[in-house]
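Colleague: I am new to this structure and should like to learn how its descriptions are justified. May I put some questions to you?

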Amino acid sequence: MNVRIESGWKSALSVEWEQPYFARLTEFVRGQYRSTTVYPPSGEVFAAFDATPFESVKVVILGQDPYHGPGQANGLCFSVRDGVAFPPSLMNIFREVHDDVGAPVPPSGDLTRWARQGVLLLNATLTVEAHRAGSHQGQGWEQFTDAAIAALSSRRQGLVFMLWGNYAKQKGRLIDRTRHLVLTAAHPSPLSANRGGWFGCHHFSQANEYLRRQGVQPIEW
């Protein structure tokens, strides 16, 4: 596993690198990459952190696992590589963005353009075995990404956290709501979204309004 990471994140998470759980996690993930097919490619495991430096984060969107199909995952939650068909959740995200702020559905599902504007697209688990959803859960990634959320909560001010679905909402315990805006909604997957609570959540316009009030450049969704 490639453990090189953006310098601000390296400093913010410095305690984690020395923890026994991280050594076990590293050994597990390296073994998985050697023995089977794992997504995303090893050089993109920390892509979310590298695309959005610690001091540049404005908005945090939390996912659960990387996509586990060939050629999909690129290290950013909900994002797929250019040219890959939109998964249903991503299509529903784009539909809500369009309805909320009027942005057209883009031709590419690669969300790097959001990440470079300050949107941290963070999965709770950063790797997955091909065709086995959730296969790398419980190995230590959750402790690492929880530490990332907690570091943002305590060291930064005025961020927007978007928590979609029950799994993400549980991460709300890590966030100081007196310092940050926390937005919650149903998960954008068809099963959840079609029950209500996703479409019409207006998270994207609410985030931009909050950022503007603080004199921060809003996101071009």
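Modeller: Please do. Two strands are said to pair if DSSP finds at least two bridges between them. The model is a predicted one. In it, Met162 has Leu183 in E6 as its bridge partner.

Colleague: What makes E5 and strand E6 (residues 181-185) a pair?

Modeller: Pairing requires at least two bridges. E5 and E6 are joined over five bridges, in the parallel sense, so the definition is met. Leu163, for instance, stands opposite Thr184 in E6.

Colleague: How do you know that strand E2 (residues 59-63) also pairs with E5?

Modeller: Three bridges join E2 to E5, and the two run parallel; the requirement of at least two is therefore satisfied. Val60 stands opposite Phe161 in E5.

Colleague: Why are E3 and E6 said to stand at the edges?

Modeller: The open sheet has four strands in the order E3-E2-E5-E6, with parallel pairing. Strand E3 (119-123) and E6 each have a single partner strand, so one side of each lacks a neighbour in the sheet. From one strand to the next, the twist averages 20°.

Colleague: What packs on the sheet?

Modeller: Helix H10 (residues 203-213) does, touching E2, E5 and E6; its direction makes about 165° with that of E5.

Colleague: Why is strand E5 (residues 160-164) called mostly covered?

Modeller: Buried means under 20% relative accessible area, and five of the five residues of E5 are buried. Val160, Met162 and Trp164 lie on one side and Phe161 and Leu163 on the other, all buried; both faces are covered.

Note on methods
Residues numbered from 1 in each chain as written. Predicted model: local features only at pLDDT ≥ 70, side-chain atom pairs only at ≥ 80, totals over all residues. Heavy atoms only, no water. Buried < 20%, exposed > 50% of the residue type's maximum accessible area, 1.4 Å probe, protein only. Axes fitted to C-alpha atoms, helices over the stretch in contact; angles between N-to-C directions. Contact = heavy atoms within 4.5 Å.
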